[in-house]
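User: Please take a close look at one part of this model for me. I would like to see how the nonpolar core is put together and what surrounds it.

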Amino acid sequence: MSGQQCLRRLPAAMRSVPAMRAGVRAVNRTPAQRSYSAVSKASSSGLLSQASRRPGQLPSQRLWSLEQTRSYADTIVKVPQMAESITEGTLKQWSKQVGDYVEQDEEIATIETDKIDVSVNAPEAGTIKEFLVNEEDTVTVGQELVRLEAGGASSGGSKDAKDEVKESASSEQETSSQPSGEQEQAKPKEESKPEPPKEESKPAPPKQESKPAPPKKESKPAPPKEEPKQSQPGNRDERRVKMNRMRLRISERLKQSQNTAAALTTFNEVDMSSIMEFRKLYKDEILKKTGVKLGFMSAFSRACVLAMRDIPAVNASIEGPNGGDTIVYRDYVDISVAVATEKGLVTPVVRNTENLDLVGIEKAIAELGKKARDSKLTIEDMAGGTFTISNGGVFGSLMGTPIINLPQTAVLGLHAIKDKPVAINGKVEIRPMMYLALTYDHRLLDGREAVTFLVKIKEFIEDPRKMLLG
């Protein structure tokens, strides 16, 4: 073979060397090593997992992705069903913020309606991802409010972890502060190297102290010129605030009452001496036994129930088209008690007052009053009502004309108790007196029935023993 032919075959031989080396390594491998390499290749290509899976079983990667999707699924919180007569409200405020973790049944938002405030609670635990409406927006029943990511961990765990991190960091700082203390000690030495007295002595000439003119700068600003503007007499600022739904509904109902009922008010004056003496004798005993504070509302409620037995039209109402053509008489008495709240006047109802004694009536009124002040009244607490009692005397009202709460027929107004000179058996005595006002619908009640009803209430209050005979 010639030299040129050897040179031509040399590159091919060199190219075959790696393959030869690989073949040698493959031959020198043990059977266990060769089987291990085959398994690793099969597992990397997914052949082994497919072969070892049972029929219908998903790959582990797909299972993980499904579990991840399921654990991070979003839940949409909607406006809850509020009542049959309420279909919309105003989103008053959010109780939480985006990113906050909420527990199941924890309050997220408050919806204000024309009667009550409705709480929106989380259906399950999770993290708030997005608000779908804004505050002061009008929302309807079933509308989407919040996007909630279900599951996850509460913020308490993360806070604990953060606290642990902070504690560990602080401990590390404490441990690392030991050597750094030497550095800190060294720093003051370095700082002490520059001689402060020399620097102080250099800029110490009194000329430099006299040159700056801070007093001039203090005298130059003219804030006193702006002060008289703020203290100008006769402030004429104005502000406009949108009425809340409850106030709008109250105004609508009151105007409807004025336009519908033929309202008329009759007055009388009642001597409160006997009922006040009765209350003074037994209030402590009743409070000790039942935990109920005996007041005057229960006595007036009971007196109204007894007076309605003689004048049942007071407990009736007018129903029907075109202003009403039917009178509805009731055998039960549901008394609406007017309660003043921050948002407006509400009238929760004491059911079946005719079956309650004084303590039972007082207890029911106290419970409803507390719920009203805490904004926890429900639609059921205010639905219905056949007669209303409004006690303006707690605010010091001497006399007033209450407005009928339609579709009721009458409302009794109580007022402040004032000591007045009264003729008793030909003698002038000072007695605690109260004005009573009964506003009634003249379409159903005539003056004779209305006045008779009010006089009977006066008689029961002035002699509470008569209520035992009723």
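Analyst: Here is a walk through the core, its helices and some loops around them.

Start with the whole. This is a predicted model. The protein has 470 residues, and 29% of them are buried. It contains 16 helices and 19 strands. Its accessible surface is about 31,300 Å². Carbon and sulfur atoms hold 52% of that surface. Now take the contacts in the protein with a separation of 6 or more. Residues 24 or more positions apart make 63% of them.

Next, the core. In soluble globular proteins, nonpolar side chains tend to be buried together. The largest nonpolar core here has 69 residues. Four residues have the most contacts inside it: Phe387, Leu412, Phe453 and Ile457. Helix H12, residues 297-310, gives the largest share of this core, with 9 residues. The core also draws on two domains. At least three of its residues come from domain 1 (74-150), and at least three from domain 2 (263-468).

Look at H12 itself. This helix has 14 residues. From first C-alpha to last, H12 reaches 21 Å, close to the expected 20 Å. How many of its residues are buried? The count is 12 of the 14, so H12 is largely enclosed by the rest of the structure. The buried ones run from Met297, Ser298, Ala299 and Phe300 through Ser301, Arg302, Ala303 and Cys304 to Val305, Leu306, Ala307 and Met308. Note that Arg302 is on that list.

Now turn to helix H15, residues 447-462. H15 has 16 residues and reaches 22 Å, close to the 22 Å expected. Its buried residues are Glu449, Ala450, Phe453, Leu454, Ile457, Lys458, Phe460 and Ile461. An α-helix has 3.6 residues a turn, so residues three or four places apart point the same way. Keep that in mind as you read the list of buried residues in H15, which includes Ala450, Phe453, Leu454 and Ile457. Phe453 and Ile457 also appear among the core residues with the most contacts.

What does H15 meet? One partner is Thr266, in strand E9 (residues 263-271). Thr266 counts as buried, because its relative accessibility is 13% and the cut-off for buried is under 20%. Leave aside neighbours within four places in sequence. Thr266 then contacts Ala450, Val451 and Leu454, along with Leu436, Ala437, Leu438 and Tyr440. Of these, Ala450 and Leu454 are among the buried residues of H15.

Phe387 takes us to another spot. Thr386 sits in the loop between helix H14 (379-382) and strand E16 (387-391). Is Thr386 buried or exposed? Thr386 is buried, with a relative accessible area of 2%. Its side chain makes a polar contact of 2.6 Å with the side chain of Asn315. Beyond its neighbours within four places, Thr386 also contacts Val314, Arg330, Tyr332, Val333, Asp334 and Gln408.

Gln408 leads on to the loop between E16 and strand E17 (410-414), where Pro407 lies. A cis peptide bond joins Leu406 and Pro407, with omega about 5°. Most residues other than glycine have a negative phi, and most peptide bonds are trans. Phe395 lies in the loop between E16 and E17 too. Phe395 counts as exposed, at 66% relative accessibility. The C-alpha atoms of Phe395 and Ala416 are 7.8 Å apart, while the two residues are 21 residues apart along the chain.

Two asparagines have a positive phi. Asn352 has phi near 45°. Its loop lies between strand E15 (349-350) and helix H13 (358-373). At 35% relative accessibility, Asn352 is partly exposed. Asn425 has phi near 55°. Its loop lies between strand E18 (417-424) and strand E19 (427-441). At 78% relative accessibility, Asn425 is exposed.

End with Asp325, in the loop between strand E10 (317-319) and strand E11 (326-328). Asp325 is exposed, at 59% relative accessibility. Its side chain makes a polar contact of 3.1 Å with the side chain of Thr326. Not counting residues up to four places away in sequence, Asp325 touches Ile318, Glu319 and Gly320.

Conventions. Residues are numbered from 1 along each chain as its sequence is written. This is a predicted model: local features need pLDDT of at least 70, side-chain atom pairs count only at pLDDT 80 or more; totals for chains, interfaces and linings use all residues. Side-chain values use heavy atoms; hydrogens and water are left out. A nonpolar core is a set of buried Ala, Val, Leu, Ile, Met, Phe, Trp, Tyr and Cys residues joined through side-chain atoms within 4.5 Å. Buried means under 20% relative accessible area, exposed over 50%, partly exposed in between (1.4 Å probe, protein chains only). Helices (H or I, at least four residues) and strands (E, at least two) are DSSP runs, numbered from the N terminus. Domain bounds come from an automatic or database domain assignment. The expected span of a helix is 1.5 Å times one less than its number of residues. Contact means heavy atoms within 4.5 Å. Accessible areas come from the Shrake-Rupley method with a 1.4 Å probe; for residues, only the protein chains shown count as cover. A polar contact is a pair of N or O atoms within 3.5 Å; within protein, one must be able to donate a hydrogen and the other to accept it, and residues adjacent in sequence count only if both atoms are side-chain atoms.
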